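Me: I would like to go through this model slowly, with the terms explained as they come up.

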Amino acid sequence: MLDFLLIPAALLLTLALRAVRRGEYRLHGYLMTAVFTLVGIRLLLHPRNLTPFHLTLWLATLAAAGVTILLGRMALAWRETRSTHSSVLRIHRTAGTTTLFGLALTTLIWLLRSRG
């Protein structure tokens, strides 16, 4: 039943990616943080339902998302001319793409798991 928390997370992720395409970078950050929070809440609410393998995958995905969010804050500072480090934007994009791929793979493994 708690897997239904992944549905609003997927919707928020879609809205966040749409926001970044429109140039609303601050809204993108807020929505991505909300996705991070929802997935984290899902893991905290019922961790005994997770095998050690799945727990490791989810925690690695959350760690990658956390690093990406921190890089996103640095990229936002550059966009708002509060920083001179322009390379952080490329690093954030690469980390975001990697995290998104990892999240998709982790979710696929989670949904295809054997419940027997």
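Reply: Buried means under 20% relative accessible area, exposed over 50%, and partly exposed in between, with a 1.4 Å probe and protein chains only. A nonpolar core is a set of buried Ala, Val, Leu, Ile, Met, Phe, Trp, Tyr and Cys residues joined through side-chain atoms within 4.5 Å. The model is predicted, so local features need pLDDT of at least 70 and side-chain atom pairs pLDDT 80 or more, while totals for chains, interfaces and linings use all residues. Residues are numbered from 1 along each chain as its sequence is written, and side-chain values use heavy atoms, without hydrogens and water.

Me: How many residues make up the largest nonpolar core?
Reply: Among its members are Leu-6, Val-35, Leu-50, Trp-58 and Trp-110. Counted in full, the largest nonpolar core has 12 residues.

Me: Which helix gives the largest share of this core?
Reply: Helices here are DSSP runs (H or I, at least four residues), numbered from the N terminus. Those giving two or more residues to the core are helix 1 (6-21), helix 2 (25-45), helix 3 (52-79) and helix 4 (87-111). The largest share, 4 residues, comes from helix 2.

Me: Against which helices do the buried residues of helix 2 pack?
Reply: In helix 2 the buried residues include His-28, Leu-31, Gly-40 and Arg-42. Taking contact as heavy atoms within 4.5 Å, the buried residues of helix 2 pack against helix 1, helix 3 and helix 4.

Me: What percentage of the chain's residues count as buried?
Reply: The chain has 4 helices and 0 strands. Of its 116 residues, the portion that counts as buried is 31%.
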